[in-house]
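Visitor: Could you take a close look at one part of this model for me, and then follow it outwards into its surroundings?

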Amino acid sequence: MVQARSARTPTAAISLETDPVPSEILEPAQPAAADAVKIRISNLGKTFSLGDSQVDAISGINLDVKRGEFICIVGPSGCGKTTLLRILAELEWPTRGEVVITRDDPSAPLSSMIFQESSIFPWMTIRNNVAYGLRLRGLPASHISKTVDHFMKLAGLERFADAYPHQLSGGMKQRASVARAFSNDPEILLMDEPFAALDEQNKALLQEELLRIWSETKKTVVFITHSIDEALVLGDRVLVMSRRPGRLKAEFKVDFPRPRRVYDLKAEPAFGKMSRDIWTSLREEVSP
């Protein structure tokens with residue numbers, strides 16, 4: 001199935017081109033063809049009205065994201081990174097251009113979004129939080145139980161299944177958010193600075209946990225961050241956005257082998273060189 005969102009229509013235009021074999025959440029990830037495009041963004045723009053004036057948040061964005069690719073986007077504050085993510089999540093409509101997402105399983109959610117602040121429900125146990133999306137979809141209880149057990153184990157949450165969010169640290173709450181997003185088996189994962197509020201130690205641990213879970217599922221991920229180091233640790237590609245109106249200014253392909261361990265990777269001279277190259281591109285966008 002191909003789903004398109006464009007500024008030319010008031011509702012999403014959907015054309016059905018169903019793939020012959022839907023994927024199952026707990027099956028091993030199948031390798032995608034090198035040219036398989038999951039997300040295609042064409043001439044995308046978004047303008048907001050503020051009283052009598054208008055503000056262009058993003059403009060002229062063109063991007064192909066391959067199936068199973070982990071894309072990281074960095075840019076100055078206010079450049080439209082979150083606006084782009086919200087359009088992909090269908091929380092905003094573009095003013096110009098089009099987004100086309102190729103769907104592999106029409107029965108699965110299109111996307112799950114993980115925010116900077118914890119978004120798990122305070123009145124639910126951690127287990128019920130992780131199971132929430134699966135229950136909304138009306139899946140069999142046995143499937144829900146198996147899936148929740150699987151992702152809670154991957155996220156290191158087994159001992160905290162019956163705990164409530166107020167009993168956990170910020171890092172553990174974000175683990176629950178990650179487990180809930182992956183367990184719902186979305187087509188794409190959208191992550192808006194999910195580790196920004198964590199201390200350095202917890203951030204490094206969560207980055208490695210995220211990579212471990214992602215390596216098993218091979219979901220398509222678009223990850224927003226202000227941290228160049230985080231982008232290099234996680235991503236297959238790092239995209240640099242300009243100041244507002246946000247445009248894609250530069251692209252860096254990240255060839256560091258996987259699996260990656262955060263501080264081992266940071267110790268590599270090539271890591272420091274690429275971090276400097278990205279900062280050189282980004283610096284003129286954040287300078288006054």
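Guide: In what follows, two residues touch, or are in contact, when heavy atoms of one lie within 4.5 Å of heavy atoms of the other. The model is predicted, so local features are described only at pLDDT of at least 70 and side-chain atom pairs only at pLDDT 80 or more, whereas totals for chains, interfaces and linings use all residues. Residues are numbered from 1 along each chain as its sequence is written, and side-chain values rest on heavy atoms, with hydrogens and water left out.

The place to begin is E158, which sits in the loop between α3 (141-154) and α4; helices (H or I, at least four residues) and strands (E, at least two) are DSSP runs numbered from the N terminus. With a relative accessibility of 53%, E158 counts as exposed, on a scale where buried means under 20% relative accessible area, exposed over 50% and partly exposed in between, for a 1.4 Å probe and protein chains only. Leaving aside residues up to four places away in sequence, E158 touches M152 and K153. V148 is ten residues from E158 in sequence, and their C-alpha atoms are 9.8 Å apart in space.

The loop that holds E158 leads to α4, and α4 (residues 170-183) has a helical partner in α2 (residues 126-136): their axes come within 8 Å and cross at roughly 30 degrees. Such axes are lines fitted to C-alpha atoms, for helices over the stretch in contact, and angles run from 0 to 180 degrees between N-to-C directions. The two helices, α2 and α4, are therefore roughly parallel (angles under 35 degrees count as roughly parallel, over 145 as roughly antiparallel, 65 to 115 as roughly perpendicular, and the rest as oblique). From α2, the residues I126, N129, V130 and L134 meet A176, A179, R180 and S183 of α4. By class, this contact has five nonpolar, two polar and one charged residues, where Ala, Val, Leu, Ile, Met, Phe, Trp, Tyr, Cys and Pro count as nonpolar, Asp, Glu, Lys and Arg as charged, and the others, Gly among them, as polar.

From α4 the picture extends to an open sheet of six strands, in the order β7-β8-β9-β5-β10-β11 and with mixed pairing; strands count as paired if DSSP finds at least two bridges between them. At the edges stand β7 (111-114) and β11, each with a single partner strand, so one side of each has no neighbour in the sheet. From one strand to the next the twist averages 15 degrees. Helix α4 packs on this sheet, touching β7 and β8 (188-192), and the direction of α4 makes about 175 degrees with that of β7. Elsewhere in the sheet, β5 (residues 70-74) and β10 run parallel and are joined by four bridges, with V74 standing opposite V240 in β10.

Some backbone details remain. Most residues other than glycine have a negative phi, and most peptide bonds are trans. K218, in the loop between α5 (200-217) and β9 (220-224), has a positive phi near 50 degrees and is partly exposed at 38% relative accessible area. The bond from R244 to P245 is cis, with omega near -5 degrees, and P245 lies in the loop between β10 (237-241) and β11 (248-253). A cis bond also links R258 to P259, with omega near 0 degrees, and P259 lies in the loop between β11 and α7 (262-266).
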